[in-house]
Amino acid sequence: MPVTTLPDPIAVVNIGLPMFADAVRAQDRPVQQVDWRIPADGDPAAVRALTSLYGRHAATVDAANAEVVRRLDEGVPQLVGTATVADVPGFDGRTLLHCGPPIEYGQACDPLQRSMRAATVAEGWADDVAGADDLLRRGAVALSPANHHDTVVPMASAVGPSQPVFVVTNAEGGTRAFSPLNQGPGEVAWFGRDTDAAIERLRFLATTAGPAVAAILEAAGPLDVLAIASQGITMGDDLHMRTQAATNLLTRTWLPHIAALPDAVRAPFGAYLGANHLFFLNLAMAAAKSLQLHAGQVEGSSIVTTMSRNGTTFGIKLSGTDEWRICPAPPVGEALYYSGNGPETSARDIGDSAVLELTGMGGPAAGGSAAVAAFLGGSMADAAAATAGFRTICAGTSSRFTLPPLEFAGTPLGVDVRRVVETGTTPKITTGILHVSAGTGQVGAGVATAPLTCFSDALLDLAARLDR
């Protein structure tokens, strides 16, 4: 049987199965492999929706997406003051605001239940955590997602009306967003602890830290939040898992005003701030939320403008709609654990902090952070790959967040649900890990991969809305 050989003047582009490229390469001929796959893994409904959104609705969607990206990239969030949770839009009565999509107390994960109990005691509604548990189980304390009140809270946060919040405005969009002061590391409620120390930290924030920040801002004036965030990213922060550089920059900016605080406040506030490398996290979240609120007003966009988790469920919203698309919260993988802990001791992904990934921070900035690289394989090439993964699913590029290790490339910006479903690539969220049941707080940190189902549901809904 004659052997078929390739002629000399040939160059091959192979689409799909790599075995054909391997065969050409074995004959020492030039070949370029194209990693092509059936869009949406061949799911008929998803393919029809993609055909519609990339076809007859493409001009509408692309124009809307361009405006969403512009709003995310050009808005200038300003920290203008503080308030309390009682002052946020729509807050009413004996209520706790919590992370993630709506959930009842009985369905909340252990860390979030503990945070709710700590907040209930800190508000003076119960004498102890047992009494708080009784109130919460009977529905005598209402629960509402922070996102429904233009507010974002990190990890397993639940906050009551006395808690101080940052007030961040976005003048271009006329939007205003809120986030509580960060509780700090250690024995704290947002890490799923309901101890006396965790409750006392909430009281300290209400009575001491909140008034201190208010006094500092009255003296210092408004703060351009993302100007500091962008500097932090060039210094190795991703602004989600690591916020140390931005926190240090903020502390330096405020230092003269911290020194001018009254004697009774200066020392305890300074001790709290000096021990809290995560202080800037909540401020970055509020800034991101103020941009997302403006971007979310655009109709007909395929860009995600809410992404949040409560440890039980994971939810997203697209621009132009208030409807949640919800599925089970994922585990946190690619993790480094404290001694004696592992996947079996780990709660599922939790917190509103994924708002950062939607605004060019967090996972999109991983390629500039040596600290995050440790969780992604250990090399800067692994961190760069995480940023590249976001680039495949984002509609734009940030002009303010740049990554020195990647030739100062801008971070990916604007997660496009079309690209997510088409490629099957979902956002990866850099985050901490809490103990699943023991109430001992943080047990490690890692990367949570967002579930595909809610993105597919959002895609189908967008196509249906535009087809009407």
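Q: In which strand is the place of Arg 325?
A: This is a predicted model, in which local features need pLDDT of at least 70, side-chain atom pairs count only at pLDDT 80 or more, and totals for chains, interfaces and linings use all residues. Numbering runs from 1 along each chain as its sequence is written, and side-chain values use heavy atoms, without hydrogens and water. The strand that holds Arg 325 covers residues 325-328 (a strand is a DSSP run of E, at least two residues; a helix is one of H or I, at least four; both are numbered from the N terminus). Arg 325 therefore has its place in strand E12.

Q: Is Arg 325 buried or exposed?
A: The relative accessible area of Arg 325 is 19%. Buried means under 20%, exposed over 50% and partly exposed in between (1.4 Å probe, protein chains only). Arg 325 therefore counts as buried.

Q: Which side chain joins that of Arg 325 in a polar contact of 3.0 Å?
A: A polar contact is a pair of N or O atoms within 3.5 Å, one able to donate a hydrogen and the other to accept it, and for residues adjacent in sequence both must be side-chain atoms. The side chain of Arg 325 has such a contact of 3.3 Å with Glu 323. Beyond four places in sequence, Arg 325 is in contact (heavy atoms within 4.5 Å) with residues including Phe 314, Cys 454 and Asp 461. The side chain that lies 3.0 Å away in a polar contact is that of Asp 461.

Q: Which backbone nitrogen lies 3.2 Å from a polar atom of the side chain of Asp 237?
A: Asp 237 is found in the loop between helix H7 (225-234) and helix H8 (244-259). Its relative accessibility is 0%, so Asp 237 is buried. Among the residues in contact with Asp 237, leaving aside neighbours within four places, are Gly 232, Arg 242, Gln 244 and Ser 369. The backbone nitrogen at 3.2 Å belongs to Gln 244.

Q: Which helix gives the largest share of the core?
A: The largest nonpolar core, a set of buried Ala, Val, Leu, Ile, Met, Phe, Trp, Tyr and Cys residues joined through side-chain atoms within 4.5 Å, has 95 residues, and those with the most contacts inside it are Phe 269, Phe 280 and Met 361. Its largest share, eleven residues, comes from residues 279-295, helix H10.

Q: How many residues does the second, separate core have?
A: Phe 390, Ile 393, Cys 454 and Phe 455 are among the members of this second core. The second core has a total of 29 residues.

Q: How many Å apart are Val 372 and Phe 280, C-alpha to C-alpha?
A: Val 372 is in helix H11 (residues 370-373), and its relative accessible area of 0% means that it is buried. Beyond four places in sequence, Val 372 is in contact with Asp 238, Met 241, Ala 366 and Thr 430. Phe 280 touches, among others, Val 225, Leu 239 and Leu 250. Val 372 and Phe 280 are 92 residues apart in sequence, and their C-alpha distance is 17 Å.

Q: Which backbone oxygen lies 2.9 Å from a polar atom of the side chain of Gln 442?
A: Gln 442 is in strand E18 (residues 442-449) and is partly exposed, because its relative accessible area is 22%. Among the residues that Gln 442 touches are Phe 191, Tyr 338 and Ile 433. The backbone oxygen at 2.9 Å belongs to Gly 444.
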